[in-house]
Amino acid sequence: TPIELAVIRDGKDGPEVFMIYREDTYFVGWHITGSVILPGRTVDFVLKDIVIREVGISLPKPHFTFVRFRQFMKGNGPNQSSRGHEVSLIHILYLPHGAKIPLDAKRCFFPLQKLPEHILPHHVVILSDIKEYLAHS
């Protein structure tokens, strides 16, 4: 089961989301951070691990907000995942003021209203869920 974590910060033109450019067997393109739940691990454990391992920071008491779950069938379209049938658990982490994420050409923040091209197809759907959630919260 994938855990998807949208790391959000306040930008000058509204919320911005942290994304990483990925090139591997399954995907080529921008994606939000995430991982899968391995046996014996909890959702909270995986979320904290994502912050340390993928985001590259340590937060004493991160507050994660559950947005929704979303199902993706096996395939290469927007509502599909090339890895196989997945039920993703989508979360948000609002980046605390003063927290600094290591950034470079493949680790960037993007305004939610102006996302990059070449986003993983199923993450386009997840980012739409994030935008909708933020618009109503």
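This tour proceeds through a predicted model, naming at each stop what to select and what is found there.

**Confidence**

Begin by colouring the protein chain by pLDDT. The average over the chain is 92, and 96% of the residues score at least 70. Select residues 80-81 next: this is strand β6, where confidence is lowest, at a mean of 67. Strand β8 stands at the other end of the scale, with the highest confidence, at 98.

**Helix α2**

Select residues 121-135, which form α2. The helix has 15 residues, and the distance from its first C-alpha to its last is 22 Å, close to the 21 Å expected at 1.5 Å a residue. Show its side chains and look for those that are buried: His122, His123, Val125, Ile126, Leu127, Asp129, Ile130 and Leu134.

**The largest nonpolar core**

Keep α2 displayed and add β1 (2-11), β2 (14-23), β5 (64-74), β7 (86-94) and β8 (107-111). The largest nonpolar core has 19 residues, and the members that touch the most others are Ile8, Val17, Met19 and Ile130. Each of the six elements now on display gives two or more residues to this core. The greatest contribution, five residues, comes from α2.

Centre the view on Ile130. Beyond the residues up to four places away in sequence, Ile130 touches Ala6, Ile8, Val67, Ile90, His91, Ile92 and Leu112. A second core, separate from the one just viewed, comprises 18 residues; select Phe18, Val51, Leu93 and Leu95 to see some of its members.

**Salt bridges**

The next stops are charged side chains. The model holds seven salt bridges, of which several are visited here.

Select Arg22 and Asp24. These two residues form a salt bridge in which the closest N and O atoms are 2.4 Å apart. Asp24 is partly exposed, with a relative accessibility of 33%.

Move to Glu23 and Lys106, whose side chains form a salt bridge with an N to O distance of 3.2 Å. Glu23 belongs to strand β2 and Lys106 to the loop between β7 and β8, so this pair ties together parts that lie 83 residues apart in sequence. Is each partner buried or exposed? Glu23 is exposed, at a relative accessible area of 54%, whereas Lys106 is partly exposed at 43%.

Now select Arg68 and Asp129. Their side chains meet in a salt bridge at 3.6 Å, N to O. Arg68 lies in strand β5 and Asp129 in helix α2, 61 residues apart, and the pair thereby links distant parts of the chain. Arg68 is partly exposed, at 33%, while Asp129 is buried, at 7% relative accessibility. Add Arg70 to the selection: salt bridges with shared partners join Arg68, Arg70 and Asp129 into one network.

**Two buried polar residues**

Select Ser88, in strand β7. Its relative accessibility is 0%, and it therefore counts as buried, the cut-off being under 20%. The side chain of Ser88 makes a polar contact with that of Glu4, at 3.4 Å. Leaving out residues up to four places away in sequence, Ser88 touches Pro2, Glu4, Arg68, Phe69, Arg70 and Phe72. Arg68 and Arg70 were met in the salt-bridge network above.

Select Glu16 next, in strand β2. Glu16 is also buried, at 14% relative accessibility. A polar contact of 2.6 Å joins its side chain to the side chain of Arg9. Apart from neighbours within four places in sequence, the residues in contact with Glu16 are Val7, Ile8, Arg9, Gly11, Phe109, Phe110, Pro111 and Leu112.

**Two exposed loop residues**

The tour ends with two residues in loops. Select His118, in the loop between β8 and α2. The phi angle of His118 is near 65°, a positive value in a residue other than glycine. His118 is exposed, with a relative accessible area of 57%.

Finally, select Lys61, which lies in the loop between α1 (43-55) and β5. Lys61 is exposed, at 77% relative accessibility. Add Lys48 and draw the distance between the two C-alpha atoms: they are separated by 9.3 Å, with the residues 13 places apart along the chain.

Definitions and conventions. Residues numbered from 1 in each chain as written. Predicted model: local features only at pLDDT ≥ 70, side-chain atom pairs only at ≥ 80, totals over all residues. Heavy atoms only, no water. Core = buried A, V, L, I, M, F, W, Y, C linked by side-chain atoms within 4.5 Å. Buried < 20%, exposed > 50% of the residue type's maximum accessible area, 1.4 Å probe, protein only. Helix = DSSP H or I, 4+ residues; strand = E, 2+ residues; numbered from the N terminus. Contact = heavy atoms within 4.5 Å. Salt bridge = Lys/Arg side-chain N within 4 Å of Asp/Glu carboxyl O. Expected span 1.5 Å × (residues − 1). pLDDT = per-residue confidence, 0-100. Polar contact = N/O pair within 3.5 Å; in protein donor to acceptor, adjacent residues only side chain to side chain.
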